[in-house]
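Reader: I am new to this structure and would like a close look at one single part rather than a tour of the whole. Please choose a strand, and follow its partners and the side chains around it step by step.

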Amino acid sequence: MASHRRPKPPTRTRVSVLSALATAAVALSSHSAMAAPAKPSKDEVKSKVDALYEESEQATEKFNGAKERQDQLEKEISQLQDRVARGQDELNNLRNTLGSMATAQYRGGGLDQSVLLMLSEDPEGYLDKASTLQQVSGKQVEAISKIQAKQRSLAQQRQEAAGKLADLEAVRKELAEKKAAAQSKLADAQALLNTLTAEERGQLKSDAAKDGQSAADAAGKGAVKGSGRAGAALAAAITQKGDAYHMGDTGPDSWDCSGLTQWAYAQAGVKISRVTTTQANDGTRIYNESELQPGDLVLFYGDLHHVGLYAGNGQVFHASNPRGGVRYEAMKNMPFQFGVRVG
């Protein structure tokens, strides 16, 4: 008779081992599924870095605008403080004059209560007391009127200075925020570039140089040479070819976009504003690209955060970005908005 022995159930130890193996297999499978993504290609890194450079430049132009407002406020505050100081000296002299009158009146026969009121720290409203006017000489009335006017003027100037100081504090805070934002984007871009090999980074730099040379060649082929002040501005800018791009810089060895254009026009004897959005209003706008002339300002992007100088034949000369520096570039690489013929 055949034996029908029931299989021996697995021991607890065996179950534990099998469970552990199953768990390890699941974990290994999960780890494989969640493995780190493939390293981005050179072109992908370039695309991301260019986007970060653009965001940094947006913040940079806002930084430049805040810096302009800060400088203007500091100048206005300094002028107001000087006016207040001079006004206080004038007020003290007026009071001294009134005091001399009172001294003379005292020596001549006693000091009237009305004069004592005139010598108070705040004679405001004294002249409204008609009952006392009969005891005040014409010179004393004139002196009090001048004191009142000077006090009102000083109070107004001090209030204006206080308001500008508050504005200055807000602008300085904005300045720090915009600078931090721009630097953060640049740091992110550099971190991305650091994921590339030295050879890949060198290739990106070489590609930018080749693009710049191609644009320079294109600008020189059949392009009408710039004339007048616009031509002189373009010629001046071209002398900076190869310099570095750096946020907020206006030379002599590194520039941002609007810093270069402002400097270039200054070399041609023309003063234009510092920021792209205000340079957009420094002349007559030209919306048809075919009507541009060498040296015209050319504005890019919807918020006008980038500017360069038209170099002819569809090319721009500009402070491009930290990778490209100051160079020629095809205008088709950026969304052209309009040109500005500086008048």
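Author: Two strands are said to pair if DSSP finds at least two bridges between them. The elements themselves are DSSP runs numbered from the N terminus, where helices (H or I) have at least four residues and strands (E) at least two. The model is a predicted one, in which local features need pLDDT of at least 70 and side-chain atom pairs count only at pLDDT 80 or more, while totals for chains, interfaces and linings use all residues. Residues are numbered from 1 along each chain as its sequence is written, and side-chain values use heavy atoms, with hydrogens and water left out.

The part to look at is the strand β4, which spans residues 297-300. Along one flank, β4 runs antiparallel to β5, and four bridges join the two strands. One of the contacts can be named by residue, since F300 has H306 in β5 as its bridge partner. The two strands make up a hairpin with five residues between them, and in that turn Y301 takes a positive phi of about 75°. β4 also pairs with β8, again in the antiparallel sense and over four bridges. Here L297 has V340 of β8 as its bridge partner.

Turning to the side chains, β4 is covered on both faces: L297 and L299 lie on one side, V298 and F300 on the other, and all four are buried (buried means under 20% relative accessible area, exposed over 50% and partly exposed in between, with a 1.4 Å probe and protein chains only). In soluble globular proteins, nonpolar side chains tend to be buried together. A nonpolar core is a set of buried Ala, Val, Leu, Ile, Met, Phe, Trp, Tyr and Cys residues joined through side-chain atoms within 4.5 Å. The largest such core has 30 residues, and L297 and L299 are among the members that touch the most others, together with L260, Y265, L309, F317 and Y328. Besides β4, the elements that each supply at least two residues of this core include the strands β5 (306-312), β6 (315-319), β7 (326-330) and β8 (336-342), and also the helices α6 (198-220), α7 (228-238) and α8 (257-267). Separate from it is a second core of ten residues, which includes L73, V171, L175 and M247.

Aromatic rings complete the picture, and there are four aromatic pairs in the structure (rings of Phe, Tyr and Trp, the last by its six-membered ring, pair if their centres lie within 6.5 Å; planes under 30 degrees apart are stacked, over 60 edge-to-face and the rest tilted). One of them joins Y287 and F338 in a tilted arrangement, at 5.4 Å centre to centre and with 55° between the planes. Y287 sits in the loop between β3 (283-286) and β4, whereas F338 belongs to β8, so that the pair links parts of the chain 51 residues apart. Its two members differ in their surroundings, because Y287 is exposed at 55% relative accessibility, while F338 is buried at 5%. Another pair, edge-to-face, is formed by F317 and Y328, with 4.9 Å between centres and 75° between the planes. F317 lies in β6 and Y328 in β7, eleven residues apart. Both rings count as buried, because the relative accessible area is 0% for F317 and 12% for Y328.
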